[in-house]
Amino acid sequence: MKALVYHGPGHRSLEDRAKPDLRAAGDAIVKITKTTICGTDLHILRGDVPTCAPGRTLGHEGVGVVDTTGTGVTAFRPGDRVLISCISACGKCAYCRRGMYSHCTTGGWILGHTIDGTQAEYVRIPHADTSLYPIPPRADEEGLVMLSDILPTGFECGVLNGKVEPGATVAIVGAGPIGLAALLTAQFYSPGDLIVIDLDDKRLDVARRLGATHTINSSDGRAAEKVRTLTADRGVDTAIEAVGVPATFLLCEDLVAPGGTIANIGVHGAKVDLHLERLWSANITITTRLVDTVTTPMLLKTVHSRKLDPARLITHRFRLDEILDAYKTFEHATSTGALKVIIEA
């Protein structure tokens, strides 16, 4: 089969690899029909995720068709159309019983990280019964790819951790796919103001179309000042960091109001200064989280009922044999306008 393989920082190639085999009774082999590229894949390629070893097939998102199942799989059978969760969960360990699937002792974020992932023609899914979701009839498979990772990530790590409430003032720093996923799902709670901050006017235009009440281009270094003006010098109730670089986390520290929350989503590969000398007395909550995908069933229902349309985040489509071009398009989003790219296997 064809697979996109990581060879260390800055290096990847499309290669012929052996089709994966079942290794445990709970495994399923899924034939990928559609996958995508995540910002986390770019962090891996930059060397920000040293736990991902060279030789790994990348990718942790996708939809497909069950090819074969282990003897312990009871919820799925060959031919079933399935959504692949970016998080593998046994459902039995102490972390899974707490709903912290991301820290499953035999799973968690392993696809495209510590085991081979979804940017291939086939993928092995451990704990298939609790790590796959049936695709409803007539569902839009392209849109459902967004439910593998970015929609639950934006919702759980940004909106839920950020304690977004009706009437609240929310700032989302970063208008990439994850930030826009947080923007879409924050609207479940009817915040009063949804401010999106980015360096790219094209992405800010998209944010306005998707429901932002205000957008700010931060290239002039005055984003915090502009937010203070919008909020009568108070700041925001929730500041969502959706980039993963020191400057954007520091900006969130400048934006948050007393009693507010900084909700980190971004994958950080470098240390960030925490200005407790300013924040210690302001009743600030800082949250971190690796997505658990506990909200995926609910998000599936909102998509099926057409209350949420994640396909609006898709900008480009490629075949698997064009995946190197897809990476170039995704990496140069400022010039290409890319948000999410769909790769058809």
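**Exercise 1: Asp129 and its surroundings**

Find the residues that Asp129 touches, not counting residues up to four places away in sequence.

*Solution.* Start with the contacts: Asp129 touches Gly72, Val73, Thr74, Ala75 and Phe76 once residues up to four places away in sequence are set aside. Keep in mind, here and below, that this is a predicted model.

Next, place the residue in the fold: Asp129 lies in helix H3, which covers residues 128-131.

Then ask how open Asp129 is to its surroundings. Its relative accessibility is 27%, so Asp129 counts as partly exposed.

Finally, step across the model: the C-alpha atoms of Asp129 and Leu194 are 37 Å apart in space, with their positions 65 residues apart in sequence.

**Exercise 2: Counting disulfides**

How many disulfides does the structure hold, and why does Cys157 not bond to its closest cysteine?

*Solution.* The count comes to zero disulfides. Cys96 is in no disulfide, and its nearest cysteine sulfur, that of Cys93, is 3.7 Å away. The cut-off to apply is 2.5 Å between the two sulfur atoms.

Now turn to Cys157. The closest cysteine sulfur belongs to Cys86 and lies 9.1 Å from the sulfur of Cys157, which is too far for a bond.

As a last step, look at accessibility. Cys96 is buried, with a relative accessible area of 5%. Cys157 also counts as buried, because its relative accessibility is 1%.

**Exercise 3: The crossing of H5 and H6**

Work out how helix H5 and helix H6 are arranged, and which residues of the two helices meet.

*Solution.* Begin with the geometry. H5 spans residues 150-160 and H6 spans residues 177-186; their axes come within 8 Å and cross at roughly 70°. The two helices are therefore roughly perpendicular to each other. As for handedness, H5 passes H6 in a right-handed crossing.

Next come the residues. H5 contributes Ile150, Leu151, Thr153, Gly154, Phe155 and Val159, which meet Pro177, Ile178, Ala181, Ala182, Thr185 and Ala186 of H6. Sorted by class, the residues of this contact are nine nonpolar, three polar and no charged.

To finish, check how covered H6 is. Ten of its ten residues are buried, so H6 is mostly covered. Among them are Gly179, Leu180, Leu183 and Leu184.

**Exercise 4: A second partner for H5**

At what angle do H5 and helix H11 pack, and which residues make the contact?

*Solution.* H11 runs over residues 296-304, and it packs with H5 at an angle of about 115°, the axes being 10 Å apart. The crossing is right-handed.

On the H5 side, the contact is made by Leu151, Pro152 and Phe155; on the H11 side, by Thr296, Met298 and Leu299. Five of the contact residues are nonpolar, one is polar and none is charged. Leu151 and Phe155 of H5 also appear in the contact with H6.

**Exercise 5: Two loop residues**

Is Thr293 buried or exposed, and where is Ser190 found?

*Solution.* Take Thr293. It lies in the loop between strand E13 (285-287) and H11. Thr293 is buried, with a relative accessible area of 2%. Not counting residues up to four places away in sequence, Thr293 touches Ser85, Cys86, Ile87, Tyr101, Tyr133, Ser148, Pro152 and Glu156.

Now take Ser190, which is found in the loop between H6 and strand E9 (193-198). Its relative accessible area is 48%, so Ser190 is partly exposed. Leaving aside neighbours within four places in sequence, Ser190 is in contact with Glu165, Pro166 and Gly167. For a sense of distance, 22 Å separates the C-alpha atoms of Ser190 and Met146, which are 44 residues apart along the chain.

**Exercise 6: H8 against H9**

Decide how H8 is oriented relative to H9, and sort their contact residues by class.

*Solution.* Helix H8 (residues 223-230) and helix H9 (residues 246-255) pack at an angle of about 30°, with axes 10 Å apart. That angle makes H8 roughly parallel to H9. H8 passes H9 in a right-handed crossing.

Then list the contact: Ala223, Ala224, Val227 and Arg228 in H8 meet Leu251, Asp254 and Leu255 in H9. The classes are five nonpolar, no polar and two charged residues. The charged ones are Arg228 and Asp254.

Methods: Residues are numbered from 1 along each chain as its sequence is written. This is a predicted model: local features need pLDDT of at least 70, side-chain atom pairs count only at pLDDT 80 or more; totals for chains, interfaces and linings use all residues. Side-chain values use heavy atoms; hydrogens and water are left out. Buried means under 20% relative accessible area, exposed over 50%, partly exposed in between (1.4 Å probe, protein chains only). Axes are lines fitted to C-alpha atoms, for helices over the stretch in contact, and angles run from 0 to 180 degrees between N-to-C directions. Helices (H or I, at least four residues) and strands (E, at least two) are DSSP runs, numbered from the N terminus. Angles under 35 degrees count as roughly parallel, over 145 as roughly antiparallel, 65 to 115 as roughly perpendicular and the rest as oblique. A crossing is left-handed if the near helix is turned anticlockwise from the far one by less than a right angle, and right-handed if clockwise. Contact means heavy atoms within 4.5 Å.
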